[in-house]
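Me: I'd like to understand the words people use when they talk about a protein model. Could we go through them one by one?

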Amino acid sequence: FDGAAQAVCFEVKTSNTRSVSEPTLEKSIKGAKDSFVETLRTNTALVRKRICSPKLKVIESNIGRKSHTKLAIMFVDGVASPDTVRELASRLDALDVDALLATGTLEEYIVDAPRSPFPQLLHTERPDRFAMYLMDGRVGILIDGLPIGLALPVTLAEFMKVTGDASNNYLVATVLTVLRYFALAISLMFPALYVAVAMYHQEMIPAKLLLSVIQAKQQVPFSVPAIILFMLIAFELLQEAGLRLPNSIGQTVSIIGALLVGQSAVDAKVVSPVAIIVVALAGIAGYTLPNQELSNAVRLLRLGLVLAAALAGLFGILAMLGLVIWYLCTIDSDGVAYMAPFVDSERPTIFRTLLRRPQPDEKFRPPEYGCPNRRRQR
């Protein structure tokens, strides 16, 4: 990016893209339909088809000393923050690698916290969603050879939303968003809460339920944390096996394997039925998370919370959650707080996070992105 940080806003000259004829490009666009392809020229044209404005800017460059992979930064001038564009261009300009052949490789070099398990780039395979990210004030990245668009900055709350919610009634979208946050809490904390209550806080369980739990566990030789950890690991193994197998049998193996392992473990008195229910509910709730990278981070934290609960009960869970929240508050995404909008007072946080207003009332773009022109509509 020679001089890219200084000349932030410019359009790619047509002479740089003459290698593909217009009829061929038009044919590629029609064939691509609603998904990105592996050709950068086609992908940028798909975005231009949805944002027909001279304000749409593109910066192209080559990344990789040996691969010379083409890459394009896309943004809407006057909407995206110039500081974000400048910072991203600077980081890509400093990138010194032999090859750039995967999105994960790029992400680890340009994000603020590359060692964090939490996702820090939005991924999409659809040009319409990519265009919507640009119109919200984000900066997009397209890589030649990869049918995926990347966008930043991003906040943790964005990974709990589904782009399709915009096409739903605002009440339906709000209920679905609340449901996802509820599922996130169940997936993350339910196994740990069960371990904490069963080991340290039995007085919190109603008497009839406590008797049922005690009766189910009487003939089980292992401790509660060992059982939960064993079932969580078994669940992860079944999930990975289902992903690696062909699609025709992968889901069948996952479902039948879970049923067989769970039922056999209960019959053999290795685990209690309550532990099976707890782990199954946590796993099912995890499937409702709209982002795979966020789901992977939750799976790791779930194991850590179980260990904390085994060591110190509810106090261990609270301490672990406090450390996680503190860590998330230290992460930035190109100058935007990762925990926004929880950490600002532009509008009541609950409304901006959980409640989606009717589209005619959404006059402004999110304040955390630093857009020069925040007004979305009159």
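Below, each term is set against its cut-off.

Reply: Happy to help! Keep in mind that this is a predicted model.

Me: Why is Val172 called partly exposed?

Reply: Val172 has a relative accessible area of 41%. Buried means under 20% and exposed means over 50%, so Val172, at 41%, is partly exposed. You can find Val172 in helix α6, residues 170-199.

Me: What makes Val172, Leu176, Leu179 and Phe182 a nonpolar surface patch?

Reply: A patch takes residues with over 30% relative accessible area, and nonpolar side chains are joined within 5 Å. Val172 passes the first test because 41% is over 30%. Together with Leu176, Leu179 and Phe182, Val172 makes a patch of about 360 Å².

Me: Is Lys269 buried, partly exposed or exposed, and how do you know?

Reply: Lys269 has a relative accessible area of 41%. That value lies between 20% and 50%, so Lys269 is partly exposed. Lys269 sits in the loop between α9 (247-267) and α10.

Me: What is notable about the phi of Lys269?

Reply: Phi of Lys269 is near 60°, which is a positive value in a residue other than glycine. His68 is also not a glycine, and has a positive phi of about 50°. Look for His68 in the loop between β1 (56-63) and β2 (69-76).

Me: What makes the peptide bond between Leu152 and Pro153 worth a look?

Reply: The bond joining Leu152 and Pro153 is cis, with omega about 0°. Pro153 belongs to the loop between β5 (149-152) and α6.

Me: Why is a space inside the protein called a cavity?

Reply: A space is called a cavity because a 1.4 Å probe fits there but cannot get out. The whole structure has 2 cavities of 30 Å³ or more. The largest holds about 70 Å³, and the second largest has about 40 Å³.

Me: How do you know which helices shape the lining of the largest cavity?

Reply: α8 (224-244), α10 (273-287) and α11 (292-329) each supply at least two of its lining residues. Among the residues lining this cavity are Phe235, Gln239, Tyr287 and Arg299. By class, the lining has 5 nonpolar, 5 polar and 2 charged residues.

Me: What makes a residue in the second largest cavity's lining count as charged?

Reply: Asp, Glu, Lys and Arg count as charged. Arg91, Asp112, Asp332 and Asp334 are in this lining, so they count as charged. That fits the class count of 3 nonpolar, 2 polar and 4 charged residues.

Notes
Residues are numbered from 1 along each chain as its sequence is written. This is a predicted model: local features need pLDDT of at least 70, side-chain atom pairs count only at pLDDT 80 or more; totals for chains, interfaces and linings use all residues. Side-chain values use heavy atoms; hydrogens and water are left out. On a 1 Å grid over the protein atoms alone, a cavity is a set of points where a 1.4 Å probe fits but cannot get out, and a pocket is an open set with protein on both sides within 12 Å along at least five of seven lines; lining residues have an atom within 4 Å of a point. Grid points are joined across faces, edges and corners, and a volume is the space filled by probe spheres set on the points. Helices (H or I, at least four residues) and strands (E, at least two) are DSSP runs, numbered from the N terminus. Patches are made of residues with over 30% relative accessible area and no salt bridge: like charges are joined within 9 Å, nonpolar side chains (Val, Leu, Ile, Met, Phe, Trp, Tyr) within 5 Å. Accessible areas come from the Shrake-Rupley method with a 1.4 Å probe; for residues, only the protein chains shown count as cover. A salt bridge is a side-chain nitrogen of Lys or Arg within 4 Å of a carboxyl oxygen of Asp or Glu. Buried means under 20% relative accessible area, exposed over 50%, partly exposed in between (1.4 Å probe, protein chains only).
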